[in-house]
Amino acid sequence: MKRLLSYILALAAAASCVYPLDIKTDDYSEETLVIDGSVIIGGTSRVTISRLVPLDQLSSYSGGYVYNALVTIESDKGDVFKDDTYPYTINTYSAPSDRSYRLTVSYKGKIYSSPWIKPLPAPTITDVEFTGEPDRVTISLSAKSDAAGYSAIQYDEIWKFHAEYVRIFEFNPIGGAISAIQDPDMSRYVCWRKKVREEESLLDYSSTGGVVDSFPFAHFSRTNERNQYEYNILVRIRNLSDEEYRYFKHLADGTNNASTLFSPDPGNAETNIVCESDPSEKVFGYVSISSQSYYIATLDDKYYIPTEPSGLTHVDPEDYWKLYNAGYVPVNYNSDGTIGWGSARCYNCVSDGGTLTKPSFDIPGAE
Amino acid sequence: MRQYIHLVSNNAGISPMDTWKLSDGNIAPTTGWQAAAGAYWTLLGSGVDLSAELYYKRSRNGLDFKPGAILTMNENLHKELIPVYGRSYGVELMAKKTTGKLTGWASYSYSKAQFKEMGDRGYAAVAAGNWYNTSFDKPHEAKISANYALTHRYSVSMNADYSTGRPVTVPVGVYITKGAVHMAYSERNSYRLPDYFRLDAAINIDPGHYKKSLFHTTFTVGVYNITGRKNAYSAFFKTDEKGQMKGYMLSVFATQIPYANINILF
């Protein structure tokens with residue numbers, strides 16, 4: 001009987017195949033708007049307006065950001081903040097936190113609006129810590145919140161790094177002597193870089209009473225240029241309502257669990273934007289209105305790759321690989337047989353987007 | 001009518017899956033009523049029976065799920081569910097012939113099965129709070145089963161089965177939100193899989209009619225899905241190596257399947 005069942009199953013599998021399925025769709029036009037708003041009360045608000053791309057127009061699509069809309073943030077007490085220039089960035093530092101707000105977008109004679117939302121108070125970040133592992137540095141935060149069980153974390157980074165091929169010491173393969181290069185011209189070889197991340201990480205501490213301890217949210221490789229001189233991170237955190245958390249989770253599940261047993265049932269994330277003149281018009285995106293807090297931390301000294309050959313006065317020529325393990329690479333070969341070494345993974349910072357002056361964080365309220 | 005067990009079907013992915021959920025403190029039992037009427041008559045002298053039935057059914061506290069719900073191994077499944085009104089109605093026609101060389105039956109039904117959210121979730125409501133097709137809504141279904149006796153020993157039989165394709169929700173576009181590209185979907189169950197059709201044929205052999213035999217043996221040799229139609233069992237979508245979203249369907253027994261039966265009657 002088992003054998004018979006096996007044959008039947010084998011036959012069913014052999015006769016089962018996957019074939020292309022062509023379903024013509026015409027639900028949405030390329031004019032369908034996607035409004036993505038992050039209104040920060042007491043900070044800087046950003047709104048992105050783009051268009052949905054129908055599947056049958058993907059190949060001919062040439063980009064679709066909307067540049068000529070009027071974006072307005074208004075409170076129930078009459079405070080108004082506006083911007084009509086792309087990118088829509090509005091300083092809402094002076095917006096009082098005890099009022100309800102909504103975002104409206106005026107575009108092609110239509111008004112698109114979010115509901116009135118009273119911003120949740122921001123959680124408090126109690127600590128940001130770095131943890132060194134053999135191959136990477138992990139960044140974690142601890143926080144507490146009295147208002148909600150869900151938060152979104154975002155962070156900006158500023159770090160100082162070497163330029164391309166600067167020599168900091170020389171290694172003589174005959175004998176293994178190491179000698180520092182005195183006063184190398186570092187001025188044009190050291191740069192700063194700033195990276196602002198738009199993505200947000202979700203934090204669910206609904207089951208721990210609004211307290212989270214050492215939640216890892218970012219990491220970078222130990223051979224990364226962030227390890228060279230100085231690394232600073234600005235961590236922002238804001239609370240999410242249950243509805244907003246669900247929106248984010250829907251997007252994350254759709255991306256992370258696609259084509260798996262845990263695939264979410266197909267459906268659009270529940271937007272909170274409607275077209276006032278035509279409520280039946282489909283709009284995508286989500287407008288969040290919240291307060292946020294932030295925390296700045298600097299990488300502990302012990303994680304940086306030494307820029308001086310400190311502790312290295314001699315390496316047996318047979319053990320030159322130890323220099324690689326210490327984070328260095330050979331950068332030039334001298335006529336006298338010595339080899340100049342520098343930190344690995346350096347870049348020409350200016351040509352690669354670095355700056356010679358240290359940038360500053362866009363701390364809420366700063367112009 | 002009251003029902004304390006609920007079927008929640010996940011139609012995503014290559015293998016649709018059903019989850020059964022009992023009523024509890026969060027999930028009320030489904031209640032409803034149904035009315036049906038039918039007419040039956042026999043055409044004298046022809047051996048043909050005819051029937052026609054109408055039905056209409058309404059229910060409340062049925063279950064459907066929020067867009068994007070994960071139904072698999074979800075401990076808080078009730079948070080993903082929404083109570084719905086249900087309505088279904090239709091007509092079923094049937095003709096049956098039981099005498100003569102040609103016997104068999106033919107049926108046709110027109111039916112609708114739809115849901116509508118009970119609560120007012122505003123802009124988040126499925127299908128904007130209007131009636132929408134359930135995933136088992138198949139308006140047209142027709143079946144024919146016929147057997148023709150060539151002789152006392154040999155007969156041929158045929159089955160034909162047609163139904164409207166099952167409703168599905170499909171991706172219709174992409175958009176960027178929160179810094180990443182995401183899929184936009186159609187309204188729930190607003191598209192359909194290709195229609196289902198299958199034709200089977202067989203030859204039946206009845207070698208002996210011995211009254212005193214302990215058992216009676218017949219043989220059948222036939223072909224299942226004689227047209228080799230690739231009927232869709234499920235549909236799924238994924239991105240190909242060029243980054244283009246493509247639709248695919250899984251088809252089971254997507255070719256002719258020959259078979260042979262031995263029937264032993266005691």
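Student: What makes up the secondary structure of chain A, in helices and strands?

Tutor: Chain A has three helices and 22 strands. The model is a predicted one.

Student: What share of chain A counts as buried, and what makes a residue buried?

Tutor: Of the 367 residues of chain A, 32% count as buried. A residue earns that label if 20 or more other C-beta atoms lie within 10 Å of its own.

Student: Why is B:Tyr191 called partly exposed?

Tutor: B:Tyr191 has 19 C-beta neighbours inside 10 Å. The label buried requires 20 or more, and exposed requires 12 or fewer. The value of 19 therefore places B:Tyr191 in the partly exposed class.

Student: Where does B:Tyr191 lie, and which residues does B:Tyr191 contact beyond its neighbours within four places in sequence?

Tutor: B:Tyr191 belongs to strand 14 of chain B, residues 191-192. With neighbours within four places in sequence left aside, its contacts are A:Ile23, B:Val168, B:Val170 and B:Ser186. As for B:Val168, 23 residues separate it from B:Tyr191 in sequence, while the C-alpha atoms of the two are 5.3 Å apart.

Student: How do you know that strand 4 of chain A pairs with strand 12 of chain B?

Tutor: Pairing requires at least two bridges between the strands. Strand 4 of chain A (residues 53-54) and strand 12 of chain B have two, in the antiparallel sense, so the criterion is met. One bridge partner can be named: A:Pro54 is matched with B:Gly173 in strand 12 of chain B.

Student: What makes strand 12 and strand 13 of chain B a pair?

Tutor: Six bridges join strand 12 and strand 13 of chain B in the antiparallel sense. At least two are needed, and the two strands therefore count as paired. Within strand 13 of chain B, B:Ala180 stands opposite B:Thr177.

Student: In what order do the strands of the open sheet run, and why do strand 4 of chain A and strand 13 of chain B stand at the edges?

Tutor: The open sheet has three strands in the order 4(A)-12(B)-13(B), with antiparallel pairing. Strand 4 of chain A and strand 13 of chain B each have a single partner strand, so one side of each has no neighbour in the sheet.

Student: How many residues does each chain bring to the contact, and which strands of chain B take part?

Tutor: Chain B provides 50 residues and chain A provides 48 residues. On the side of chain B that touches chain A, strand 12 (171-177), strand 13 (180-185), strand 17 (234-239) and strand 18 (245-251) each supply at least two residues. By class, that side has 30 nonpolar, 15 polar and five charged residues.

Methods:
Residues are numbered from 1 along each chain as its sequence is written. Chains are lettered from A and ligands numbered from 1 in the order in which they are written. This is a predicted model: local features need pLDDT of at least 70, side-chain atom pairs count only at pLDDT 80 or more; totals for chains, interfaces and linings use all residues. Two residues are in contact if their C-beta atoms, placed from the backbone, lie within 7 Å. Ala, Val, Leu, Ile, Met, Phe, Trp, Tyr, Cys and Pro count as nonpolar, Asp, Glu, Lys and Arg as charged, and the others, Gly among them, as polar.
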